Amino acid sequence: MADDRSYIHANTRERERLRALIEKLHDDDLTAPVNEYWTVAGVLGHIAYWDIRVLVLADKIDRGEPWVPGDAEPDGDWLNDTTRVLIHAIAPREAAQLAMRIAEETDARVAKLPLERMAPRDPDSPIYAGRGEHRGEHLDEIEAALRTRG
């Protein structure tokens, strides 16, 4: 199988999109609602949370540990729902800065991980190196919410 790391480009594109958004956000933008449950800062914290999960799982690869059933992403939205209060407790500007720092760290880390330990090559792997898709989905939501504010 070829050494396909095409995800690096998508991760970089969405990480730079994240950076550009964060740089132009005012403090009142960060507290604006994206939907009935999440603010802009909250969505950025959510992005950071899921990137942190990848970093923690990457540590298992470094230690040579096998995947276990508890490593799998849980079904349903309950995990997002349970983290929402904690994420919103982070100061909005800090949540934005954290999202950027973690995105940089995660992208650098997954670019170096062995492909055979990540999905889709490893069907048991909970690590998806393509972080750009998740970020892009949420950046679209944030940008749409900010456009409606006028």
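In this predicted model, Trp 50 has a relative accessibility of 9%, and because anything under 20% is classed as buried, Trp 50 counts as buried. Tyr 49, the residue just before Trp 50 in the numbering, has a relative accessibility of 26% and therefore counts as partly exposed. A search for aromatic pairs yields a count of one. That pair is made by the rings of Tyr 49 and Trp 50, whose centres are 5.2 Å apart and whose planes stand at 90 degrees, so the arrangement is edge-to-face. Another ring, that of Trp 67, has a charged partner, for Arg 117 lies over its face at 4.6 Å from the ring centre.

The element to look at next is helix 3, which runs over residues 40-63. With its 24 residues, helix 3 reaches 36 Å from its first C-alpha to its last, which is close to the 34 Å expected at 1.5 Å a residue. Helix 3 is also mostly covered, since 18 of its 24 residues are buried. After helix 3 comes Gly 64, and the phi of Gly 64 is positive, near 75 degrees. As a point of background, most residues other than glycine have a negative phi.

How does helix 3 take part in the packing of nonpolar side chains? The largest nonpolar core has 26 residues, and those with the most contacts inside it are Leu 18, Leu 25, Leu 30, Val 40, Leu 44, Ile 142 and Leu 146. Helix 1, helix 3, helix 5 and helix 6 each supply at least two residues of this core, and the largest share, seven residues, comes from helix 3. If we follow Leu 18 and leave aside its neighbours within four places in sequence, we find Leu 18 in contact with Leu 44, Ala 99, Met 100, Ala 103, Arg 135 and Leu 139. There is also a second, separate core of 12 residues, which includes Tyr 7, Leu 57, Leu 113 and Leu 115.

Charged side chains can be followed in a similar way, and a search of the whole structure finds 20 salt bridges. One of these joins the side chains of Glu 14 and Arg 17, with N and O at 2.8 Å. Both residues lie in helix 1 (residues 7-24), where they are three residues apart, about one turn of the helix. In general, an α-helix has 3.6 residues a turn, so residues three or four places apart point the same way. Glu 14 has a relative accessibility of 7% and therefore counts as buried.

Arg 17 also meets the side chain of Glu 143 in a salt bridge, at 2.7 Å from N to O. Because Glu 143 lies in helix 6 (residues 131-148) and Arg 17 in helix 1, this pair ties together parts that are 126 residues apart in sequence. Glu 143 has a relative accessible area of 23%, and so it is partly exposed.

A further salt bridge is formed by Arg 135 and Asp 51, whose closest N and O atoms are 2.9 Å apart. Arg 135 lies in helix 6 and Asp 51 in helix 3, so here the pair ties together parts that are 84 residues apart in sequence. Are these two partners buried or exposed? Both Arg 135 and Asp 51 are buried, and the relative accessibility of Arg 135 is 0%. Salt bridges that share partners join these two residues with Arg 15, Glu 16, Arg 19, Glu 104, Asp 107 and Arg 131 into one network. Not counting residues up to four places away in sequence, Arg 135 touches several others, among them Asn 11, Leu 18, Ile 47, Ala 103 and Thr 106.

The loops offer two last places to look. In the loop between helix 3 and helix 4 (78-88) lies Ala 72, which has a relative accessibility of 46% and therefore counts as partly exposed. The C-alpha atoms of Ala 72 and Ile 127 are separated by 8.9 Å, although the two residues are 55 residues apart along the chain. Apart from residues up to four places away in sequence, Ala 72 touches Arg 53 and Pro 126. In the loop between helix 5 (92-112) and helix 6 we find Pro 120, which is joined to Ala 119 by a cis peptide bond with omega at about 10 degrees. For background again, most peptide bonds are trans.

Note on methods
Predicted model: local features only at pLDDT ≥ 70, side-chain atom pairs only at ≥ 80, totals over all residues. Heavy atoms only, no water. Helix = DSSP H or I, 4+ residues; strand = E, 2+ residues; numbered from the N terminus. Expected span 1.5 Å × (residues − 1). Buried < 20%, exposed > 50% of the residue type's maximum accessible area, 1.4 Å probe, protein only. Phe/Tyr/Trp six-rings, centres within 6.5 Å; stacked < 30°, edge-to-face > 60°. Lys NZ or Arg CZ within 6 Å of the ring centre and 35° of its normal. Salt bridge = Lys/Arg side-chain N within 4 Å of Asp/Glu carboxyl O. Contact = heavy atoms within 4.5 Å. Core = buried A, V, L, I, M, F, W, Y, C linked by side-chain atoms within 4.5 Å.
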